[in-house]
Amino acid sequence: MLERGTVVRSLAGRDSNRLLAVMQADEKSVLVCDGKERPIDRPKKKNLRHVEATGITLSGDSLATNRALKKALKEAETEINCNN
């Protein structure tokens, strides 16, 4: 089960292959944001089958503003690319 702050990679849709942060989750879907295309005040609902967890979790401070969220996701992208 995904929780608030988990970084996921979109597998389907217009935002495919983009990193997003989970804002809210239930058993079938998640609400995700990236701080740019999907700001915090307008999250995107995605089916759980269309996202993949990256194993990175953001702190509550990173989820406070769009600017902080964009910065945290950029750092997460760098971390993921360094590990591959």
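These legends go with a set of close-up views of one predicted model.

**View 1. Arg9 and Glu77: a strand-to-helix salt bridge.**
Start with the side chains of Arg9 and Glu77, which meet in a salt bridge at 3.9 Å, N to O. With the cut-off set at 4 Å, the pair counts as a salt bridge because its distance falls within that limit. Arg9 sits in strand β1 (residues 6-10) and Glu77 in helix α1 (residues 66-83), so the bridge ties together parts that are 68 residues apart in sequence. Arg9 is buried, at 14% relative accessible area, while Glu77 is partly exposed, at 26%. The model has three salt bridges in total, and the next two views take up the others.

**View 2. Lys46 and Asp15: a salt bridge between two buried residues.**
Here the side chains of Lys46 and Asp15 come together, with an N to O distance of 3.1 Å. Lys46 belongs to strand β4 (residues 44-47) and Asp15 to the loop between β1 and β2 (19-25), so this bridge links parts 31 residues apart in sequence. What are the relative accessible areas of the two partners, Lys46 and Asp15? Lys46 has 7% and Asp15 has 10%. Both values count as buried because the limit is under 20%. As general background, side chains of opposite charge can pair when their charged atoms come close.

**View 3. Arg18 and Asp34: a salt bridge from loop to loop.**
Arg18 and Asp34 form a salt bridge whose closest N and O atoms are 3.7 Å apart. Arg18 is in the loop between β1 and β2, and Asp34 is in the loop between β3 (29-33) and β4, so the pair ties together parts 16 residues apart in sequence. Arg18 is partly exposed at 33% relative accessible area, whereas Asp34 is buried at 8%. While you're looking at the loop between β1 and β2, check Asn17, which is also placed there. Asn17 has a positive phi of about 70 degrees although it is not a glycine, and at 52% relative accessibility it counts as exposed.

**View 4. The largest pocket and its charged lining.**
About 180 Å³ of space lies in this pocket. Which residues line the largest pocket? They are Arg14, Asp15, Arg18, Leu20, Asp34, Glu37, Arg38, Arg42 and Lys44. By class, the lining has eight charged residues, one nonpolar and no polar. Some names carry over from the earlier views: Asp15 is the salt-bridge partner of Lys46, and Arg18 and Asp34 form a salt bridge with each other.

**View 5. The nonpolar cores, with Leu69 as a way in.**
The largest nonpolar core has 13 residues. Those with the most contacts inside it are Val7, Leu19, Ala21, Leu58, Leu63, Leu69 and Leu73. Two elements, β2 and α1, give two or more residues to this core, and α1 gives the most, with five. Leaving aside neighbours within four places in sequence, Leu69 is in contact with Ala21, Cys33, Asp34, Gly35, Ile40, Leu58, Ser62 and Leu63. Another core, of seven residues, lies apart from the largest one; among its members are Val8, Leu20, Val22 and Val51. In soluble globular proteins, nonpolar side chains tend to be buried together.

**View 6. Ser29 and Ala25: residues of strands β3 and β2.**
Is Ser29 buried or exposed? Ser29, in strand β3, is buried with a relative accessible area of 9%. Beyond its neighbours within four places in sequence, Ser29 is in contact with Lys45, Lys46, Asn47 and Leu48. The C-alpha atoms of Ser29 and Lys45 are separated by 6.7 Å, with their positions 16 residues apart along the chain. Ala25, in strand β2, is partly exposed at 29%. With the same neighbours-aside rule of four places, Ala25 is in contact with Met1, Leu2 and Val30. Ala25 and Lys46 are 9.7 Å apart, C-alpha to C-alpha, and 21 residues apart in sequence.

**View 7. Asp41, an exposed loop residue.**
Asp41 is placed in the loop between β3 and β4. Asp41 is exposed, with a relative accessible area of 68%. For a distance to check, take Asp41 and Asn66: they are 25 residues apart along the chain, and their C-alpha atoms are separated by 9.0 Å.

How values were computed: Residues numbered from 1 in each chain as written. Predicted model: local features only at pLDDT ≥ 70, side-chain atom pairs only at ≥ 80, totals over all residues. Heavy atoms only, no water. Helix = DSSP H or I, 4+ residues; strand = E, 2+ residues; numbered from the N terminus. Buried < 20%, exposed > 50% of the residue type's maximum accessible area, 1.4 Å probe, protein only. 1 Å grid on protein atoms, 1.4 Å probe; cavity = no way out; pocket = protein on both sides within 12 Å on 5 of 7 lines; lining within 4 Å. Points joined across faces, edges and corners; volume = space filled by probe spheres on them. Nonpolar A, V, L, I, M, F, W, Y, C, P; charged D, E, K, R; others polar. Core = buried A, V, L, I, M, F, W, Y, C linked by side-chain atoms within 4.5 Å. Contact = heavy atoms within 4.5 Å.
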